[in-house]
Amino acid sequence: MDYLTMSECIQLSFAVCRIGIYTCFRALCCKGPPPPRPEYDLVCIGLTGSGKTSLLSQLCSESPENIVSTTGFSIKAVPFQNAILNVKELGGADNIRKYWSRYYQGSQGVIFVLDSASSEDDLETARNELHSALQHPQLCTLPFLILANHQDKPAARSVQEIKKYFELEPLARGKRWILKPCSLEDMEAVKDSFSLLINLLEERDFEPSRM
């Protein structure tokens with residue numbers, strides 16, 4: 001009788017071990033694929049020389065040796081942990097800016113890059129272009145990430161100077177926008193700025209649909 005009881009205990013122990021091994025195997029090897037990351041379609045605008053292409057290329061871990069200024073438009077899929085940003089970058093030359101609005105349709109957010117160390121004339125042009133974008137019917141309700149680039153240059157204006165000069169407080173009141181300093185020397189700060197934009201995009205997803 002004692003022998004049968006011991007045998008049954010041994011069989012039961014083996015059964016428990018098999019169940020445990022099977023459970024671990026399912027957890028480690030048979031887990032389903034992770035849920036897909038949401039994708040957002042963004043438009044990136046700014047004057048030539050503002051650094052749009054360089055920033056996006058760095059975010060995509062592309063070699064800086066292959067960076068060429070965008071003359072028409074280019075599309076990059078910029079991966080983040082919680083989202084993928086499909087960024088349509090538009091060239092910033094004088095003869096291209098007048099066509100920007102043709103590429104706004106379908107955008108879910110806007111990235112505007114400005115050269116904070118540019119000349120007064122270029123800064124004035126950048127201000128006019130940003131004002132135009134903020135008031136454009138296809139963009140005015142979208143989240144904006146405004147990057148004051150080239151902060152590593154001696155002539156760079158501060159974020160407060162940019163905010164005042166661009167008249168962002170009165171012009172963008174009631175809109176969702178973020179103004180952040182940036183440079184290629186601090187890509188972690190750039191990634192943090194994009195994460196804030198992703199938060200705005202996610203918040204917009206949960207808003208009730210406008211009829």
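**Group meeting: the sheet, its helices and a surface patch**

Let me start with one strand pair. Strands S2 and S3, the latter covering residues 84-90, run antiparallel and are joined by seven bridges. Within that pairing, Ala77 sits opposite Asn86 of S3. A caveat before going on: this is a predicted model.

Now the whole sheet. It is open, with six strands. The order reads S2-S3-S1-S4-S5-S6, and the pairing is mixed. What stands at the edges? Strand S2, residues 73-79, and strand S6, residues 177-181. Each has a single partner strand, so one side of each has no neighbour in the sheet. On average, neighbouring strands here are turned by 20° against each other, ignoring direction.

Next, the helices. Helix H4 spans residues 120-135. H4 lies across three strands: S1 at 39-45, S4 at 109-115 and S5 at 144-149. Relative to S4, helix H4 runs at about 170°. Then there is helix H7, residues 187-205, which also packs on the sheet. Which strands does H7 touch? S1, S3, S4, S5 and S6. The direction of H7 makes about 170° with that of S5.

Last, the surface. Phe73, Ile75, Tyr99 and Tyr103 make a nonpolar patch of about 390 Å². Phe73 takes us back to the edge, since its place is in strand S2, and S2 is an edge strand. Is Phe73 buried, partly exposed or exposed? Its relative accessibility is 43%, so Phe73 counts as partly exposed. The partly exposed class lies between the cut-offs of 20% and 50%.

That's the tour. Over to you.

Note on methods
Residues numbered from 1 in each chain as written. Predicted model: local features only at pLDDT ≥ 70, side-chain atom pairs only at ≥ 80, totals over all residues. Heavy atoms only, no water. Pairing = 2+ DSSP bridges. Helix = DSSP H or I, 4+ residues; strand = E, 2+ residues; numbered from the N terminus. Axes fitted to C-alpha atoms, helices over the stretch in contact; angles between N-to-C directions. Contact = heavy atoms within 4.5 Å. Patch = residues over 30% accessible without salt bridge, like charges linked within 9 Å, V, L, I, M, F, W, Y side chains within 5 Å. Areas by Shrake-Rupley, 256 points an atom, 1.4 Å probe, with all protein chains shown as cover. Salt bridge = Lys/Arg side-chain N within 4 Å of Asp/Glu carboxyl O. Buried < 20%, exposed > 50% of the residue type's maximum accessible area, 1.4 Å probe, protein only.
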